[in-house]
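Please load the model in a viewer and keep the selection tool at hand. The tour below proceeds by selection, from the whole chain to individual residues.

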Amino acid sequence: MHFPLTNGTYEKMTDDHQPQTRKFALGTTARVLFALLVLLVSLAMIYGGFKLVALDGSPYYLIAGVAYLLLAALMFLRKSASIALSVAIALATCVWAFYEVGQFSYWELLPRLVVPAIILTSACGSAQPCPAPRQAADAWPTASALRCSRG
């Protein structure tokens with residue numbers, strides 16, 4: 001049984017009747033929903049990519065779909081590498097889009113770059129927050145030494 005508390009946590013009674021307090025995070029729900037959205041996008045891109053490759057089309061959508069599938073898995077697992085992968089996918093998409101279009105043409109680039117831009121922006125927004133300066137300094141002796149040297 002869960003008992004909500006006033007400070008944003010909830011209490012769960014265990015079998016031995018000892019309360020367990022856990023932090024409720026709205027960010028976790030948003031991260032999971034976004035990861036599900038990325039998973040759906042990846043499956044659609046993989047399906048469409050297979051069809052394009054079968055028609056001797058560009059393999060980009062198949063490759064990007066697999067990359068987005070990996071991104072969704074990393075997001076579910078709360079891995080910080082998900083941000084780096086999202087940036088890499090967006091950069092690779094930009095290179096591919098300019099190669100395909102051959103020039104800077106707004107209307108031709110727009111459909112190729114909108115979805116990766118939205119996913120990149122949302123991935124950065126749903127990322128794990130950086131640790132507070134005090135926590136980072138405690139975790140990294142070098143940062144602690146730099147903090148002490150600055151006064």
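The stops that follow begin with the complete chain and then visit its helices, its loops and a surface patch.

**Conventions**

This is a predicted model, in which local features need pLDDT of at least 70 and side-chain atom pairs count only at pLDDT 80 or more, while totals for chains, interfaces and linings use all residues. Residues are numbered from 1 along each chain as its sequence is written, and side-chain values use heavy atoms, with hydrogens and water left out.

**Stop 1: the whole chain**

Select everything and display the secondary structure. The chain contains six helices and three strands; these are DSSP runs, with helices being H or I of at least four residues and strands E of at least two, numbered from the N terminus. Read from the N terminus, the order of elements is β-β-β-α-α-α-α-α-α.

Next, show the surface. The chain exposes about 10,600 Å², and 69% of this area is supplied by carbon and sulfur atoms; accessible areas come from the Shrake-Rupley method with a 1.4 Å probe, and for residues only the protein chains shown count as cover. Of the 151 residues, 24% count as buried. Buried means under 20% relative accessible area, exposed over 50%, and partly exposed in between (1.4 Å probe, protein chains only).

Contacts here are heavy atoms within 4.5 Å. Among contacts between residues at least 6 apart in sequence, 35% join residues at least 24 apart.

**Stop 2: colour by confidence**

Colour the chain by pLDDT, the predictor's confidence in each residue, from 0 to 100. The chain averages 77, and 65% of the residues score at least 70. Confidence is highest in helix H2 (residues 60-76), at a mean of 94, and lowest in helix H6 (residues 141-150), at 46.

Now select residues 143-151. Over this segment pLDDT stays under 50, and the model has six contacts for it beyond four places in sequence. Where pLDDT is low, the predicted coordinates should not be read in detail.

**Stop 3: helix H1**

Select Ser 42, which is found in helix H1 (residues 26-54). Is Ser 42 buried or exposed? Ser 42 is buried, because its relative accessible area is 0%. Its side chain reaches the backbone oxygen of Leu 39 at 2.7 Å; a polar contact is a pair of N or O atoms within 3.5 Å, where, within protein, one must be able to donate a hydrogen and the other to accept it, and residues adjacent in sequence count only if both atoms are side-chain atoms. Setting aside residues up to four places away in sequence, Ser 42 touches Gly 65, Tyr 68 and Leu 69.

Move along H1 to Tyr 47, which also has its place in this helix. Tyr 47 is exposed, since its relative accessible area is 54%. Draw a distance from its C-alpha atom to that of Leu 62: the separation is 7.5 Å, although the two residues are 15 apart along the chain.

**Stop 4: two loop residues**

Most residues other than glycine have a negative phi. Select Asp 56, in the loop between H1 and H2. Its phi is near 60 degrees, a positive value in a residue other than glycine, and Asp 56 is exposed at 73% relative accessible area.

Then select Arg 78, in the loop between H2 and helix H3 (81-101). Arg 78 is not a glycine either, yet has a positive phi of about 60 degrees. With a relative accessible area of 44%, Arg 78 is partly exposed.

**Stop 5: Tyr 60 in helix H2**

Tyr 60 lies in helix H2 and counts as buried, at 11% relative accessibility. Which residues does Tyr 60 contact, leaving aside neighbours within four places in sequence? They are Met 45, Thr 93 and Trp 96. The C-alpha atoms of Tyr 60 and Thr 93 are separated by 8.4 Å, with their positions 33 residues apart along the chain counted as the offset.

**Stop 6: helix H4 and its patch**

Select Leu 113, found in helix H4. Leu 113 is partly exposed, with a relative accessible area of 21%. Beyond four places in sequence, Leu 113 touches Thr 93, Cys 94 and Ala 97; its C-alpha atom is 7.4 Å from that of Ala 97, a residue 16 apart along the chain.

Finally, select Val 114, in helix H4 (residues 106-125). Val 114 is partly exposed, at 33% relative accessibility. Extend the selection to Tyr 106, Trp 107, Leu 110, Val 115 and Ile 118: together with Val 114 they make a nonpolar surface patch of about 600 Å². Patches are made of residues with over 30% relative accessible area and no salt bridge, with like charges joined within 9 Å and nonpolar side chains (Val, Leu, Ile, Met, Phe, Trp, Tyr) within 5 Å. A salt bridge is a side-chain nitrogen of Lys or Arg within 4 Å of a carboxyl oxygen of Asp or Glu.
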